[in-house]
Amino acid sequence: MLLEARGVTKHYPMGVKALDGVDLSAAPGEIVGIMGRSGSGKSTLLHILGCLDRPTAGSVWLDGVEVTATAEAALPAVRLRKVGFVFQAHNLVSTLTALENVALPLRYLRPRPADAMAKARAALAAVGLSDRMHHVPAQLSGGQQQRVAIARALVNGPALVLADEPTGALDSQTARELLALLRRLTAERGQTFVIVTHDPMVGAACDRVITMVDGQVHP
Amino acid sequence: MEALRNLRRRSVRTSLTVLGIAVGILAFTVMGGMAEKINMIIRGSEAYFAHRIAVRSAGGSVRLNFLQSDDIATVRQVSGVQAVETHIMLPMDETAGFELAPRSLVGIDLENFQRAQALAGQEAQLRLWQGNWWRPGDREVAVLGSAVARRMKLKVGDPLLARGARFRVVGIIEETLSLPDGWAFIPQEDARALVLEVSSTVPGSDVPAFATNAYALVNPNEGDAVTDEIATRLRRGFLLYSPQQLSKAAAQASTLLNTAILGSGAIAVIVGALSIINTMFIAVAERTREIGIKKAIGASRWDVTREFLFESTLMAIAGGLVGVGLGTGVIYAINWYTRDQGTPVFIMTPRLAIGGVLFAGVLGALAGVLPAMRAAALDPVEALRER
Ligand SMILES: Nc1ncnc2c1ncn2[C@@H]1O[C@H](COP(=O)(O)OP(=O)(O)O)[C@@H](O)[C@H]1O
Ligand SMILES: [Mg+2]
């Protein structure tokens, strides 16, 4: 398994149980859909799977490493090399051009790859935005901005791509195109892809769908 | 570059912050220019006195104790003393003592003076800028320090009028930016006549050969020992200054002055740095979402810290450059307006300029520390919930 979560629990003060013993696993190249009502704990789970947050209890293995036992200071490097995130909207740094946004993860790599800009250009080309390279986010449509975010999530070649309602702010036509693109690109690269969505059509296209209810996986 | 673009995006705020630093560095530079001038005077005096033990009258209102020829002979006989240079020094006019480079008439014996020049160090040597020294035996002639020449608008060939006497200017000395700039050298006999003219009580019997100041020329490292020896041999009523004592006193004075002057300039810069802290905290608050994204991508705490530190340092260095530029302008303007003083009031030096910019940069980096640490400490999940 590339990704393995066991008994993942997240409690917040005042007795909020955002997650309550979630088990989940995904094989390399698998596409997993997560569905569920708002507040059911989908984002919380995704953040924990992506090493952005830590569970109160339970453990997560990513690519053979128990990331829940990894020191806090080592987690940025795990995110940098193994995880790509796409959020619902406002994924981009507004002062940077599309190309610079895509190159951002490469900036934090040590040592810094010599062909960083070439890689970023290739990633932008893969999402069909070569002609928008030097535009800043404000000059791009919502769909284009999400495509830049996808290029950035993929530029480092992470083993795991996590998307949290990536089409939630788009019209249905654009949303469908974007999802097709994401599925194609992750499939081409053999990446494991976990996507949170409300759209049953998207769910139907996944290898497997889990449904969350009140912080638990609904059977 | 991202940092520059961030600064430009909030250009009004950035400009005001940069201006705050610039004003501080301006004050720092101008005050530093004053300190540099004082340092120059102190360094010049130190160089001048490095090879000299100064012997001066201890004063007293009833009887001014001039150095007589047998006093000079006593000093000369002390072992370690290579020569004794004698001056007859008197203020050029009643108010000259309050000037930036106090103007004095300095009576010298040419031969005696030149021997001392040869024995003193390179740094203490006075070089002619124009004209020549007078020939032995000439009277009513003068060689001027640069500040005297400039202030009194005198060229070689002009007459110098001082204390009712008239001297023909035969030479002008290169600017030293220190005390000799305010001196006008005249033949010892002329100076002696001027002193006798105003002295109601003729000092002692040895009228033809007295001096107000004497300098025993010695090896700099023997200063203290020879000074002690002179003190035991010479009659009472004189003050002795050894080179070591003088340089210790000079070092103390210059440390004190530099601290006081630069310290007050530094306060101005620190006030400017506070505005950087403020600006950077606002920037962190505004860019919470951006910080969350960068952390989600994999930026480490240090990556985030560095980006904000870089921005604050950049702003401060910009302020430093503007401040040093303005300060240099102000210094040149003040010196231009006060040029009839004969000597610059402020001195702009490379180390002052570099120091000003570096100081700004260091303060900018320090000012960025707290805001950058706050940015680095943001919880990415919470940061991503913004906007
Ligand atoms: N920082 C927090 N403090 C308290 N409760 C939180 C916090 N973050 C999330 N929650 C709660 O956890 C639950 C799950 O949230 P979330 O994972 O965002 O749900 P979803 O993404 O499925 O809409 C919600 O009830 C939410 O209110
Ligand atoms: Mg959510």
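Which residues are around ligand 1? The legends below start there and then turn to the cavities. The model is predicted.

**Close-up 1. The shell around ligand 1.** Chain A supplies Tyr12(A), Val16(A), Ala18(A), Arg37(A), Ser38(A), Gly39(A), Ser40(A), Gly41(A), Lys42(A), Ser43(A) and Thr44(A). Arg385(B) completes the list of residues around the ligand. Ligand 1 thus sits between chains A and B. By class, the shell holds 6 polar, 3 charged and 3 nonpolar residues.

**Close-up 2. Secondary structure at ligand 1.** Two elements of chain A each give at least two residues to the shell around ligand 1: strand 2 (16-26) and helix 1 (42-49). Helix 1 of chain A has the largest share, with 3 residues. The ligand takes up the space of the second largest pocket.

**Close-up 3. Polar contacts of ligand 1.** Three residues of chain A are shown here. Thr44(A) places a side-chain N or O atom 2.5 Å from an oxygen atom of ligand 1. For Ser43(A), a polar side-chain atom lies 2.7 Å from a ligand oxygen atom. Gly39(A) uses its backbone instead: one of its polar backbone atoms is 2.7 Å from an oxygen atom of the ligand. How much of ligand 1 does the protein bury? Taken alone, the ligand exposes 560 Å², and the protein buries 67% of that.

**Close-up 4. The largest cavity.** Searching the whole structure turns up 4 cavities of 30 Å³ or more. The largest has a volume of about 120 Å³. Its lining counts 14 residues. Nearest the centre of this cavity lie Val83(A), Gly84(A), Arg152(A), Ala153(A) and Ile297(B). Both chains contribute to the lining. From chain A, helix 2 (75-82), strand 6 (83-86) and helix 5 (142-154) each supply at least two residues. From chain B, helix 9 (288-297) also supplies at least two. The lining divides into 10 nonpolar, 2 polar and 2 charged residues.

**Close-up 5. The second largest cavity.** This cavity has a volume of about 50 Å³. Which residues line the second largest cavity? They are Ile48(A), Cys51(A), Asp53(A), Arg54(A), Pro55(A), Val67(A), Thr68(A) and Leu75(A). By class, 5 of the lining residues are nonpolar, 1 is polar and 2 are charged.

Note on methods:
Residues are numbered from 1 along each chain as its sequence is written. Chains are lettered from A and ligands numbered from 1 in the order in which they are written. This is a predicted model: local features need pLDDT of at least 70, side-chain atom pairs count only at pLDDT 80 or more; totals for chains, interfaces and linings use all residues. Side-chain values use heavy atoms; hydrogens and water are left out. A residue is near a molecule or strand if one of its heavy atoms lies within 4 Å of it. A polar contact is a pair of N or O atoms within 3.5 Å; within protein, one must be able to donate a hydrogen and the other to accept it, and residues adjacent in sequence count only if both atoms are side-chain atoms. Accessible areas come from the Shrake-Rupley method with a 1.4 Å probe; for residues, only the protein chains shown count as cover. On a 1 Å grid over the protein atoms alone, a cavity is a set of points where a 1.4 Å probe fits but cannot get out, and a pocket is an open set with protein on both sides within 12 Å along at least five of seven lines; lining residues have an atom within 4 Å of a point. A molecule sits in a cavity or pocket if more than half of its atoms lie within 2 Å of its grid points. Helices (H or I, at least four residues) and strands (E, at least two) are DSSP runs, numbered from the N terminus. Ala, Val, Leu, Ile, Met, Phe, Trp, Tyr, Cys and Pro count as nonpolar, Asp, Glu, Lys and Arg as charged, and the others, Gly among them, as polar. Grid points are joined across faces, edges and corners, and a volume is the space filled by probe spheres set on the points.
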